[in-house]
Amino acid sequence: MSEKITKIILFIASFIIVIISAGMVLSLMSGAAPAFKEFGFKFIISTEWNPTEGKEQYGALQFIAGTIITSIIAIIICLPLAFSTSLFIGEYFRGTKLAKIIGTMVDMLAGIPSIVYGLWGFYVLRPLIVDLGFNAQGFGIITAGIILAIMIIPYATSISTEIIKMVSNELKEAAYSLGATQKDVIMAVVIPEARSGIFTSYILAFGRAIGETMAVTMLIGNTNIIPKSIFDTGNTMASVIANQFGEADGLKLSSLIAIGLILFVITGLINGLGKIMIKQFN
Amino acid sequence: MKDLIIKIENPVLDIKNLSISYNKGKYAVTNVNAGVKKNSVTAIMGPSGCGKSTLLRAINRMHELYPNIEVKGKIFLNNNDIFLMSSIEIRRKIGMVFQRPNPFPTMSIYDNVIAGYKLNGIRLKKNKKDEIVEKSLKDVVLWNEVKNSLKKKGTFLSGGQQQRLCIARALAFKPDVILLDEPTSALDPIATKKVEQLLIKLKENYTILLVTHNMSQAARMSDYSMFMYLGELVEYGKTKKLFINPVDKRTEEYLTGKFS
């Protein structure tokens, strides 16, 4: 009897989760419908963002571009740092006190709320960008990209570290027994073995960068244009929603929801891809 | 003492007063003295935790991969102190085969055999590589089974074939000694038999030191046997003599199955 009750409770709880996600997708779709009806496929390839009444015209391309460019900058900066750090913690200094301290710090960085990164970026990174003469105010794609990089480094590092630690000791010992040095073992055994998993950790980190909102909104400059250089200001899909949803209604609100839907689909696809790849690795 | 530990003339390996401790003071191997005869199969047996694997892994200095393991005493390979040589050099001269077959899964069969050269960054001409691969695979009686699939991954092979591939990989450097750590414990009886026959054949050109949990394996294939118990080398002699006429009471009890 009690087993039956447990089953029912578990079933209901899981069902609620399904309802919530399905409901979210449905409401996003119905909210976005007017914008897609009005602009069609052009919504994705147009850079118009004109809220003037009567001449309303919305397109998402500049936000998609802003999102992809900032995320690519982030992943380019993240890659060498996360890769080296994960090798350091997961293999080279594995099990040492130093590796433990650095590992803990990486986990700590991963736990810092987005708003704190944004604030730090605003007060420390932005003035630095100004001092370096990259642009006058310090806001822009590069500033957002750097803060995104700092935010995803711990994420990519901790996943890569776990993957690197999973490389079997038997294989490493086999290589050592053939006279390999630690560097040889890392190059010829650890990296080839962990390669697909490490790659996946960057996919997942990229997915995270794409959806990151708060810190980016605070630093990107919020202009609705396709950035011509990385020192220009811009907007990402997430930041334009965060910036404009408060005063939006009608077609504009629908367009923002449509951007939200696109963002949802892109991050969903990337995370799904990452999960499949991780599974294959295991 | 003289009756318990056989004196080997001109040993290829000579272990002198060897003690190995984990975490300061906890001894896994205590004061082992033993020589290993050239071109023989020598088996090290004893119950789990007796220190036989620890002893074996000190001989090619694998213990150095892990912190907190301290080795006292000396080991000589052809009269050269192995602790004065580089660990890379010593591991090329003393090959190792592990409990579970562990070919490199990202490498082909061919690349697995010459993995030692690749890992060490030694560049060889194609025909020289082909020659080493063919010779090593023939040595382990695997050539006919894999000669048409050398580019395939080693992990496609059966467990027994994989283990013979791992032996070939250890032979590619033409080591003086091959250490094997329970090499058949993950294999079925037929694959085990093949590996045993192979090792007996290999002693013509190599010296084989084998850790085994399996007494009958030691009896079947070794020329000399060591019995270790609680880190101590209790008895060491010709296998026939040791099995028929053990001197120490503990050896006798182990061999008659009073403990295992």
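Where does helix 3 of chain A bend, and which proline follows within four residues? Here are some notes on this predicted model, starting with that helix.

1. The bend in helix 3 of chain A is at Cys78(A) and comes to about 35°. The proline that follows within four residues is Pro80(A). As for length, helix 3 covers residues 61–92 of chain A, and at 1.5 Å a residue its 32 residues should span 46 Å; the end C-alpha atoms lie 44 Å apart, which agrees.

2. Stepping back to the whole of chain A, you will find 11 helices and 2 strands. Their order from the N terminus is α-α-β-β-α-α-α-α-α-α-α-α-α. The C-alpha trace spans about 75 × 70 × 30 Å along its principal axes.

3. Chain A has 282 residues, and 44% of them count as buried. If we take the contacts in chain A with a separation of 6 or more, 70% come from residues 24 or more positions apart.

4. The aromatic residues deserve a look: over all chains, the structure holds 15 aromatic pairs. One of them joins Phe36(A) and Phe43(A) edge-to-face, with 5.5 Å centre to centre and 75° between the planes. Phe36(A) has a relative accessible area of 28% and is partly exposed, because buried would mean under 20% and exposed over 50%. Its partner Phe43(A) is buried, at 0%.

5. Both of those residues also belong to a cluster linked by ring pairs, together with Phe39(A), Trp49(A), Tyr58(A) and Phe63(A).

6. How are the rings of Phe122(A) and Phe139(A) arranged? Their centres are 5.9 Å apart and the planes are at 45°; that angle is neither under 30 nor over 60 degrees, so the pair counts as tilted. Phe122(A) is partly exposed, at 25% relative accessibility.

7. Two charged side chains sit over rings. In chain A, the charged end of Arg208(A) lies over the ring of Tyr155(A), 3.9 Å from its centre. In chain B, the charged end of Lys151(B) lies over the ring of Tyr110(B), 4.3 Å from the centre.

8. Finally, the interface. Chain A puts 17 residues in contact with 25 residues of chain B. The two chains bury about 1700 Å² between them, with 61% of it on carbon and sulfur atoms. On the chain A side, the residues that lose the most area to chain B are Glu173(A), Ser177(A) and Leu178(A), which together make up 36% of what that side buries.

Terms used
Residues numbered from 1 in each chain as written. Chains lettered and ligands numbered in written order. Predicted model: local features only at pLDDT ≥ 70, side-chain atom pairs only at ≥ 80, totals over all residues. Heavy atoms only, no water. Expected span 1.5 Å × (residues − 1). Bend = angle between axes of the 7 residues up to and from the residue. Phe/Tyr/Trp six-rings, centres within 6.5 Å; stacked < 30°, edge-to-face > 60°. Buried < 20%, exposed > 50% of the residue type's maximum accessible area, 1.4 Å probe, protein only. Lys NZ or Arg CZ within 6 Å of the ring centre and 35° of its normal. Contact = heavy atoms within 4.5 Å. Buried area = accessible area lost by both parts, 1.4 Å probe.
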